[in-house]
Amino acid sequence: VAIAQELFDAYENGAFVAQPPSLRPGFDLNAAYEVELRLKQMREAQGHRSVGRKVGYANKAVWRVFKLETLVWAHMYDDSVHYTSGGAGEVRVPHARSLKVEPEIVFGMKRPLEDGADAAAALAAVDWLALGFEIIDCPYPDWKFHPGDFVASFGLHAALVVGEKVQVTADLIPALVEQLASFKARALKSGELMEEGSGKNSLKSPALCLAELNSAIRKRFPEEPLAPGELVSTGTLTAGHLASTGDEWRFEVEGISLPPLILNLK
């Protein structure tokens with residue numbers, strides 16, 4: 001409870017947490033998810049509601065480094081998810097400390113997903129997909145943290161900007177299975193290419209990442225599976241890039257038919 005209150009206060013006030021919880025005795029990933037659940041209860045007590053989940057560590061090479069069995073996640077809320085008009089959105093992050101932007105694929109769920117699903121089965125449970133920019137903010141100095149610290153600090157989530165939605169219909173699924181594993185993603189800042197990534201950077205495909213998230217949630221919280229209407233932000237396709245007020249970011253793709261997304265940080 002004390003750790004949850006400390007991290008909640010840091011989130012509310014834009015303060016730094018000098019010592020990540022992972023450096024404290026008895027704190028592990030199980031404790032981190034207990035903190036995350038407590039943070040959700042505290043946000044709900046403020047009148048906010050969870051609208052989906054965001055993924056972290058969607059890279060199996062990183063799992064080996066941190067001895068993870070699967071990816072990690074945290075909830076997103078109604079005041080942190082923003083929908084664009086015409087593919088462009090503005091966001092202001094209150095109490096920002098050190099922001100980064102991450103280009104991601106976002107899914108909207110239409111029905112529950114069975115455990116052990118493949119990419120096609122995952123997409124069959126999806127209502128729509130879109131490009132998204134997640135804005136993350138780190139309460140730990142110098143961006144130094146472990147997976148449990150990530151989970152216990154809202155998954156570093158500050159905001160998510162969702163681009164134009166494309167409906168996922170049954171006839172599109174075979175092509176999407178191929179495209180999501182191979183498409184190219186480009187993040188541009190003020191017209192300058194910052195990095196090119198790929199769908200394969202999210203657990204070989206954002207659709208496979210969705211399936212892995214579903215299985216991980218069902219294993220840890222079987223009473224709280226992904227539900228219809230939830231959003232899932234499936235992990236960054238490039239490195240996170242430092243961002244600041246006044247930036248204009250553009251996320252564009254090649255090899256999959258999704259409209260580009262423009263983010264203005266205010």
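Let's start with a contact worth finding in the viewer: Asp79 and Arg43 join their side chains in a salt bridge, with N and O 2.8 Å apart. This pair connects distant parts of the chain, 36 residues apart. Please keep in mind that the model is predicted. Across the whole structure, a search turns up twelve salt bridges, and a few of them are introduced below, along with one exposed lysine.

**The Asp79–Arg43 pair**

- Asp79 sits in the loop between strand 2 (72-77) and strand 3 (81-83), while Arg43 belongs to helix 2 (residues 29-45).
- How exposed or buried is Arg43? Its relative accessibility is 3%, so Arg43 counts as buried.
- Asp79, for its part, has a relative accessible area of 35% and is therefore partly exposed.

**The Asp137–Arg97 pair**

- Another salt bridge brings together the side chains of Asp137 and Arg97, at 3.5 Å from N to O.
- Here too distant parts of the chain are linked: Asp137 is in strand 6 (residues 126-137), and Arg97 is in the loop between strand 4 (88-91) and strand 5 (99-109), 40 residues apart.
- Asp137 counts as buried because its relative accessibility is 5%, and the cut-off for buried is under 20%.

**Arg186, Glu252 and their network**

- Arg186 and Glu252 form a salt bridge in which the closest N and O atoms are 3.1 Å apart.
- Arg186 lies in strand 9 (residues 184-189) and Glu252 in strand 13 (residues 248-254), so this salt bridge ties together parts 66 residues apart in sequence.
- Which residues share a network of salt bridges with Arg186 and Glu252? Glu196, Arg250 and Glu254 are linked with them in that network.
- Are the two partners buried or exposed? Arg186 has a relative accessibility of 18% and Glu252 one of 19%; buried means under 20%, so both count as buried.

**Lys67, out on the surface**

- If you move on to Lys67, you will find this residue in the loop between helix 3 (60-66) and strand 2.
- Lys67 has a relative accessible area of 74%, and the cut-off for exposed is over 50%, so this lysine counts as exposed.
- Where does Pro147 stand relative to Lys67? The two are 80 residues apart along the chain, and their C-alpha atoms are separated by 9.8 Å.

Definitions and conventions
Residues are numbered from 1 along each chain as its sequence is written. This is a predicted model: local features need pLDDT of at least 70, side-chain atom pairs count only at pLDDT 80 or more; totals for chains, interfaces and linings use all residues. Side-chain values use heavy atoms; hydrogens and water are left out. A salt bridge is a side-chain nitrogen of Lys or Arg within 4 Å of a carboxyl oxygen of Asp or Glu. Helices (H or I, at least four residues) and strands (E, at least two) are DSSP runs, numbered from the N terminus. Buried means under 20% relative accessible area, exposed over 50%, partly exposed in between (1.4 Å probe, protein chains only).
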